Amino acid sequence: MRRHSHRRLRRPRHTIQRATGSVVLVAHSLGCHTVAHWAHRHDARVRAALLVAPPDIDYSASHGAPIAGFGPPAANPLPFPTVLAASSTDPWAKIDWSRQLAKQWGARFVNLGDVGHVNPESGFGPWPRGEELLRDLLAETAD
C-alpha cells in the first residue's frame, strides 16, 4: 500500500485485538483491500472474511475515482477462509479482474450477476443474498 497506509490498518488491528469471541470480517469496496493488506501484516485470530465488490484500484483511478493512494492489491492468499463476491456490472471492476483477485487472495469467488457495485446507488438497502453468503461462510468455518 502507498502513503498513509498504516493509518488505515490501525483501526482493524485495535478492534480485533479487543474481540473476545471469534472474529469474522465483512468488508465492501476499498474495505476489502484494507482487510487483505491488514491480514498480511498482523497475526490475529480471524475465523473468516466476506469481501464484497473490491474495486480495481488502477482501473477505478483512471476512471475518476479518488483512490490513487490505496496502491496495488495485496499479493498473497489471505490466511483465513474468504469469500469474494463481485458483480458482472460493477463500474469499478471487471468481473474477470475480480475473479483473478479472488484466486490471488485464495478466496472462493461468487459472481453476483448484474448488481452494479452492490451499494445504495445500485439499489441496495438490506441485502438478503449477502446475509446468505455470510451464513454459509459461518457454517463452513464452524468450530
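## Strand 3 and its two faces

In this predicted model, strand 3 is covered on both faces, with T82, L84 and A86 buried on one side and V83 and A85 buried on the other. The strand spans residues 82–86, and five of its five residues are buried.

Strand 3 is paired along both neighbours named here. Four bridges join strand 2, residues 46–52, to strand 3, and these two strands run parallel; within that pairing, V52 stands opposite A85. Another four bridges join strand 3 to strand 4, residues 108–111, again in parallel, and here A85 stands opposite V110. A85 therefore has V52 as its partner in strand 2 and V110 as its partner in strand 4.

## Crossovers on either side of strand 3

Strand 3 takes part in two β-α-β units. Strand 2, helix 3 (residues 57–62) and strand 3 make a right-handed unit, and strand 3, helix 4 (residues 95–104) and strand 4 make a right-handed unit as well.

## Helix 2

Helix 2, which covers residues 30–39, is largely enclosed by the rest of the structure, because nine of its 10 residues are buried. The buried residues are L30, C32, H33, T34, V35, A36, H37, W38 and A39, a list that holds H33, T34 and H37 alongside residues such as L30, V35 and W38.

## Nonpolar cores

The largest nonpolar core has 22 residues, of which L25, L51, L78, F80 and W105 touch the most other members. Strand 1 (23–28), helix 2, strand 2, strand 3 and helix 4 are the elements that give two or more residues to this core, and the largest share, five residues, comes from helix 2. Apart from this core lies another, made up of 12 residues, among them A48, V52, V118 and L137.

F80, one of the residues with the most partners in the largest core, touches L25, V35, W38, A39, V46, R47, A48 and A49 when residues up to four places away in sequence are not counted. Among these contacts, V35, W38 and A39 are buried residues of helix 2.

## An aromatic pair

The count of aromatic pairs comes to one. It is formed by F124 and W127, whose rings meet edge-to-face at 6.1 Å centre to centre, with 85 degrees between the planes.

The two partners fall on either side of the 20% limit for burial: F124 counts as partly exposed because its relative accessibility is 21%, whereas W127, with a relative accessible area of 18%, is buried.

How values were computed
Residues are numbered from 1 along each chain as its sequence is written. This is a predicted model: local features need pLDDT of at least 70, side-chain atom pairs count only at pLDDT 80 or more; totals for chains, interfaces and linings use all residues. Side-chain values use heavy atoms; hydrogens and water are left out. Buried means under 20% relative accessible area, exposed over 50%, partly exposed in between (1.4 Å probe, protein chains only). Two strands pair if DSSP finds at least two bridges between them. A crossover is right-handed if, with the strands pointing away from the viewer, the path from the first strand over the helix to the second runs clockwise. Rings of Phe, Tyr and Trp (its six-membered ring) pair if their centres lie within 6.5 Å; planes under 30 degrees apart count as stacked, over 60 as edge-to-face and the rest as tilted. A nonpolar core is a set of buried Ala, Val, Leu, Ile, Met, Phe, Trp, Tyr and Cys residues joined through side-chain atoms within 4.5 Å. Contact means heavy atoms within 4.5 Å.
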